[in-house]
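Hi everyone, thanks for making time this morning. I'd like to walk you through one structure, so let me put it up on the screen.

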Amino acid sequence: MLWKLIPLCALLLGVLTSPTPSSLPTVNTERGPCRIYNSGRTADCLGRQLENVPWRQFPSTLEEIDLSYNKLQAVSADDFLRLPQLRILQLRYNNISHIDDDAFKNNALLEHLDIFNNSLQEIPATALTPLLNLKILYMSNNLYKRATLADSFSKFVKLQELSMGGPLVMGLKKGDFQPLMNISLQGFAIKCSSNLSYYEPGSLKIIQTKRMGFDMAIDQEPNALLHMLHDLANKTFIVIQFRNLFEFTYYMGEEDIFQGLKDITAHQLIFHRGKFNENLLRMALMNLQLAPIQRLRLQYIDFARSPTFVDSGAGSSITDLTLDNLDLWYISNPDVLRFDWRFTWFNKIKRLSIRYVYFNTVPCDAWVEMEGVQFLDVSNNRLKNEFIFNRRCDYKGTMPNLHTFNMSTNDLTSLKDMSSLTRDFQQLQVLDFSNNKLGSAEESRDCVWKQNITRLIAHHNQFVSEALSCLPTTVQYLDLSYCNLDQLGMTYFEKATNLRTLLLSGNKIKFIPSKWESPSLRSLALDGNSFGLISKESFQDMPQLSCLKAGNNPYHCTCELRAFIEDTLSKRKVNLTDWPWNYKCYHPEALLNTFIAKYFPGKVACDIRLVIIICVATTSAVILILMLICYIFDLAWYTKATYQIIRAKYRAHKEKAAGDLETFTYHAFISYSHSDADWVRDQLLPCLEKNRNPYRLCIHERDFMPGKWIIDNIIENIESSRKVIFVLSRHFVNSEWCNYELYFAQQRAMGKSFSDVILVVKEPIDPSSLPSKYCKLKKMLSTKTYLEWPQQVNQQPFFWAQLKSVLGKPKITQNRTHSVKSRTSSVGGISVIRPPTEERDPEVAKPNEDKEVEPNQNQIPVECFECLKQTPAITKENEMHMAHIWLGSDKCISSMYWFDLTVLFFRLLPSLHFQQVRAAHKTDEEGAELKPLAPPPVRVSVQDCKMCANLQGAMEDLIAVFHRYSGKEGDKYKLNNKELKNLLQEELTDFLTGCNESSGVEKILHDLDEDGDGEVDFQEFVVLVAALTVACNDFFVDYDKKSRKGKEDSCQKD
């Protein structure tokens, strides 16, 4: 156990463990308990519980074998016979009791043999004889009883280190080490029994070594130490170590057993374990004052004062102990520091190290006595602030030579107390506060430091950023690693202008401050923190920076990071000490754990100028496209109009919530340009409003509410009208308000049909010439049947008939009091439009209603004559004849009247039909698709003619009946055989009674088909109806004559 505890074991014991493998293991093809690696040159059999050497597994190329910590009991001749290259053999900590004489006969190259701590009964001199190249031999802690070496050891001229002996060696004799007379060793160690019985003077005198180790207890023979030191006199050693010098008792003798130390020259003297009292320690120190020994270490000793010790009050006897180093480690009693109640033995110590002594106070005189101390180490003592800093002490003038003060690994918490303790240490330059509890904001205020402190080591503390301001600003080296810092206060670093090395590893710094100015900083460590972004600008204000360690951070792999790496590597001004293995991507997830060295983003993504150009170009293109779309489709106008609709809807909603009744107030809303106002006033309004059942129309000049928004008036009146009539002209297209009215009418029709919109083309308009904002109007003109105002006077009556047909018959309801919407031209109030009923239901006349305007049923008004007067088919003679009849008697009508009226009626029908078809298919001339003329849904009366209303209704019914059947198959404007048959069967059933329908229909079709196309058009159809009507008229005339004649005959008979 001796060499395991000696700190210089590297020299005394050599290499105690196997060399680190230089390559991956290469296992032998024959499986076994050992691991063969290093290309078959090394075998690891450590701790495999082996009872025998597994030599069959060993390749012949082996150079090193470690069989330590097994259960080997013997080494046979065959175990290493096949290993001629063997150089290192580790057999320590086994149970080997026998080694064959030929065990190493084929291992002449063996240099290192370790058989420490086995059960050998004697030194295996014969087995070791072939090992002439042996350099290191450890064979101590075995069970042989004598330490006498055989003569064969004299041949080990290359031997450098030797350890021998064991717990059964009771003493040393003068000739035990005679074979080593001519061998100069680097290290020699001897172990004897814990109860040394004898020591012959001169036993160690022939030993030539630089390191000497004794593991023996002289409790029973204290004088043996005198002889051993005498044998070492006048020799020079690097280190001399005594282990367990007094293992069981404290030395109470008065004889100075250390008096031989003054004749020994040694660099270091170590007392390891053993019992010391103040008496023994004083003897050693008094001789050390005279000895040329530079370092003293007392470690793991058991110190206790003698029961008989009395402080006489005299000065200490140890006043001139001059040492370079004094180490007091792991001493159980802190009284050792002032074993004679004084601290004077520290006076001339240059480097004083007190570790694991656990003292709990430092008296004021201790600081005064340590005037020669340049390096003071009080680490690992569980010191608290009050243990080391006494506020009652005056520290001025103390520690005048202290250069380095190590207070690491204690329980210090106050930076302020530490600054108060050291502010008067004139030469202090290095402070080590690592592994404490410093850094709280409460105990880091009002710090005053000595201005010559240049190095501060404070890693493994608990700093907050505010506590940085309490650190000395004169430092050149600052270590704040592993201090849980999450951010850096720039105030301190702005003041620390001399800072050259800054270590911030292992903190929680989340970002690197911008504009971090540190003009003198040369080395910076930021590895193991929490920031993910780093850029060229981060360190641009550190002109002297040459060494940067920033690995092991959760980097966001971005273009900025890549630019920083490339710039740093290319300029070579800053050396990334841990590049590239510690630089990995943490974000984004797809690049997790990817080496930044292998991260190459695209140039487009990283070139900000290119990105700006692309973004600007793309944005400009999008804006231009949007502007073009807005221009083409006039989106700005539509947006403005939609906004006005929403505003008006909102206001209407508020008014409705206040209780307004929503009804149709007008039959139609007239939208027209101001330039067309004369036509509307002179032509449109008189024809529609001045009738027996007048239409109620809304025009802006007359019916808009004064004081209201124009937009609100437009929307409200459109919503209150069943139909909207647009008078289209070139002036209409150029009118902004007309455009609003058209747009609002379209919005009202959303989700419905556009049957409520009536287009009246007052003058020809080319749809392709309309502006883009009239796209809906273009579509309507191309797809919707519209009415065109005829310029010929004789065609205008048919225009009015068509318009009234589309408007529908006005519903006369009871009068009601109206609001401010009432017009000054209204006589009887307002007609409220009710929801439309079935279109063909006959109206029931209400009694006593409008009696003053009820005409005679047999009268034909003159106004009807004026209407028919414009028809070219009516001759002057017929016109005068009809006027005579209409102005005649109201009691009877001659047969001539009925005949002429029938002829007039059927001559007018084709003309009316032609005008209606022509108006409905005006677009055919412009190349548009022909639209079939739907039958008029409502029976319309010609309001301008008071007595001829029934006649025009009959005409319209005749047209509607024809188109109801002609639109089913084939040509929409002609009746085929099947359609004619259906018409005759359903409409003229009584006429076909009693005849063969098939043959009758075919004969009628043949007689009517003048053009021979096999179909009957409307003009041919009218001939049939006229013929039937004439026949009916003749029948009734004959019947009337016969009736009158019968009455006259009867009268004559009477």
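Let me start with a question for the room: where is the place of Pro588? Pro588 is in the loop between strand S31 and helix H11, which covers 603-606. Before I say what caught my eye there, please keep in mind that this is a predicted model.

So, the peptide bonds. Going from His587 to Pro588, the peptide bond is cis, with omega near -5 degrees. There is also a cis bond from Trp579 to Pro580, and there omega is near 0 degrees. If you want to find Pro580 on the screen, look in the loop that runs between strand S30, at 575-576, and strand S31, at 585-587. Strand S31 therefore borders both loops, the one with Pro580 and the one with Pro588.

Next, some backbone angles. Which loop holds Tyr482? Tyr482 sits between strand S25 (477-479) and helix H9 (490-495). Tyr482 is not a glycine, and yet its phi is positive, about 55 degrees. In the loop between S25 and H9 we also find Asn484, another non-glycine with a positive phi, this one about 60 degrees. As for exposure, Tyr482 has a relative accessible area of 44%, so it counts as partly exposed. Asn484 is partly exposed too, with 34%.

Now to the inside. Which residues have the most contacts inside the largest nonpolar core? They are Phe177 and Phe405, and that core has 178 residues. Helix H5, residues 278-288, gives the most to this core, with 6 residues. Apart from this core lies another one, of 27 residues, including Tyr740, Val757, Ile765 and Leu781. Let's zoom in on Phe177 for a moment. Leaving aside residues up to four places away in sequence, Phe177 touches, among others, Ala147, Leu149, Met164, Phe188 and Ile190. Ser203 is also one of its contacts, as are Leu204, Ile206 and Ile207.

In soluble globular proteins, nonpolar side chains tend to be buried together. With that in mind, let's finish on the surface. There is a nonpolar surface patch of about 860 Å², and its members include Val622, Leu626, Ile629, Tyr631, Phe633 and Leu635. Which helix gives the most to the nonpolar patch? That is helix H12, residues 608-633, with 8 residues. Ile625, another member of the patch, is in helix H12.

That's my tour; I'm happy to rotate the view for anyone who would like another look.

Notes: Residues numbered from 1 in each chain as written. Predicted model: local features only at pLDDT ≥ 70, side-chain atom pairs only at ≥ 80, totals over all residues. Heavy atoms only, no water. Helix = DSSP H or I, 4+ residues; strand = E, 2+ residues; numbered from the N terminus. Buried < 20%, exposed > 50% of the residue type's maximum accessible area, 1.4 Å probe, protein only. Patch = residues over 30% accessible without salt bridge, like charges linked within 9 Å, V, L, I, M, F, W, Y side chains within 5 Å. Areas by Shrake-Rupley, 256 points an atom, 1.4 Å probe, with all protein chains shown as cover. Salt bridge = Lys/Arg side-chain N within 4 Å of Asp/Glu carboxyl O. Core = buried A, V, L, I, M, F, W, Y, C linked by side-chain atoms within 4.5 Å. Contact = heavy atoms within 4.5 Å.
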